[in-house]
Amino acid sequence: MTVKELKRFFKEHLVPSRLYHVGRKSRPGRICLSMNEGGSYDVYFSEKKDKIGLMSFATENEACQKMMDEVCKVMESLYGVTWRGLA
């Protein structure tokens with residue numbers, strides 16, 4: 001999965017943009033996916049300037065899958081929405 005595919009999936013499944021951010025800079029209060037200069041990817045929850053639960057991945061696919069898993073957990077917790085069998 002690519003970042004482009006991940007964003008399309010979130011849009012198609014009506015994931016509120018206030019829950020996530022994909023890009024170089026983090027956004028407070030969101031699950032973030034960012035690409036490092038070395039080509040690795042980070043997935044984390046941004047709290048002010050802190051990166052809570054920071055996970056690093058060597059590939060875009062691994063990072064996108066993890067971000068999808070984390071956003072899925074939030075969607076289920078907040079809205080009772082599950083994507084079982086879709087992702």
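Are Phe10 and Tyr20 buried or exposed? Select the two residues together: both Phe10 and Tyr20 are buried, where buried stands for under 20% relative accessible area, exposed for over 50% and partly exposed for what lies in between, with a 1.4 Å probe and protein chains only. The model on screen is a predicted one, in which local features need pLDDT of at least 70 and side-chain atom pairs count only at pLDDT 80 or more, while totals for chains, interfaces and linings use all residues. Residues are numbered from 1 along each chain as its sequence is written, and side-chain values use heavy atoms, with hydrogens and water left out.

**The aromatic cluster**

Keep Phe10 and Tyr20 selected and show their rings. Rings of Phe, Tyr and Trp (its six-membered ring) pair if their centres lie within 6.5 Å, planes under 30 degrees apart being stacked, those over 60 edge-to-face and the rest tilted; by this rule there are two aromatic pairs. The ring centres of Phe10 and Tyr20 are 4.6 Å apart and the planes stand at 55 degrees, so this pair is tilted. Because Phe10 lies in helix H1 (residues 3–12) and Tyr20 in strand E1 (residues 20–22), the pair ties together parts that are ten residues apart in sequence. Helices (H or I, at least four residues) and strands (E, at least two) are DSSP runs, numbered from the N terminus. Add Phe9 to the selection, since ring pairs link Phe9, Phe10 and Tyr20 into a cluster.

**The nonpolar core**

Next, select Phe10, Leu33, Met67 and Val71, which touch the most other members among the 19 residues of the largest nonpolar core. Such a core is a set of buried Ala, Val, Leu, Ile, Met, Phe, Trp, Tyr and Cys residues joined through side-chain atoms within 4.5 Å. The elements that give two or more residues to this core are H1, E1, strand E2 (31–35), E3 and H2, and H2 supplies the largest share, six residues.

**The strands**

Move on to strand E3 (residues 41–47), which pairs with strand E4 (residues 50–57) in the antiparallel sense over six bridges; two strands pair if DSSP finds at least two bridges between them. E3 also runs antiparallel to E2, and five bridges join these two strands. Five of the seven residues of E3 are buried, so this strand is largely enclosed by the rest of the structure.

Select Asp42 to see both pairings from one residue: the bridge partner of Ser34 in E3 is Asp42, and Asp42 stands opposite Ser56 in E4. Further along, Ser46 has Lys51 in E4 as its bridge partner.

The two turns are worth selecting in succession. E2 and E3 form a hairpin with five residues between them, and Gly39 in that turn has a positive phi of about 95 degrees. In the hairpin of E3 and E4, with two residues between the strands, Lys48 takes a positive phi near 55 degrees.

**Helix H2**

Now select Lys66, Glu70 and Lys73, which are linked in a network of salt bridges. A salt bridge is a side-chain nitrogen of Lys or Arg within 4 Å of a carboxyl oxygen of Asp or Glu, and a search of the whole structure finds two of them. Lys66 pairs with Glu70, their closest N and O atoms being 3.2 Å apart, and because the two are four residues apart in helix H2, about one helical turn separates them. The side chains of Glu70 and Lys73 meet at 3.2 Å, N to O; these residues are three apart in helix H2 and so are likewise separated by about one helical turn. Lys66 is partly exposed at 22% relative accessibility, and Lys73 is partly exposed at 48%.

Further along H2, select Met75, which counts as buried at 3% relative accessibility. Adding Leu6 gives a C-alpha to C-alpha separation from Met75 of 15 Å, with their positions 69 residues apart in sequence.

Finish at Tyr79, which is in helix H2 (residues 60–79) and is partly exposed at 39% relative accessibility. Select Leu78 and Val81 with Tyr79, and a nonpolar surface patch appears, with about 260 Å² of accessible area together.

Note on methods:
Patch = residues over 30% accessible without salt bridge, like charges linked within 9 Å, V, L, I, M, F, W, Y side chains within 5 Å. Areas by Shrake-Rupley, 256 points an atom, 1.4 Å probe, with all protein chains shown as cover.
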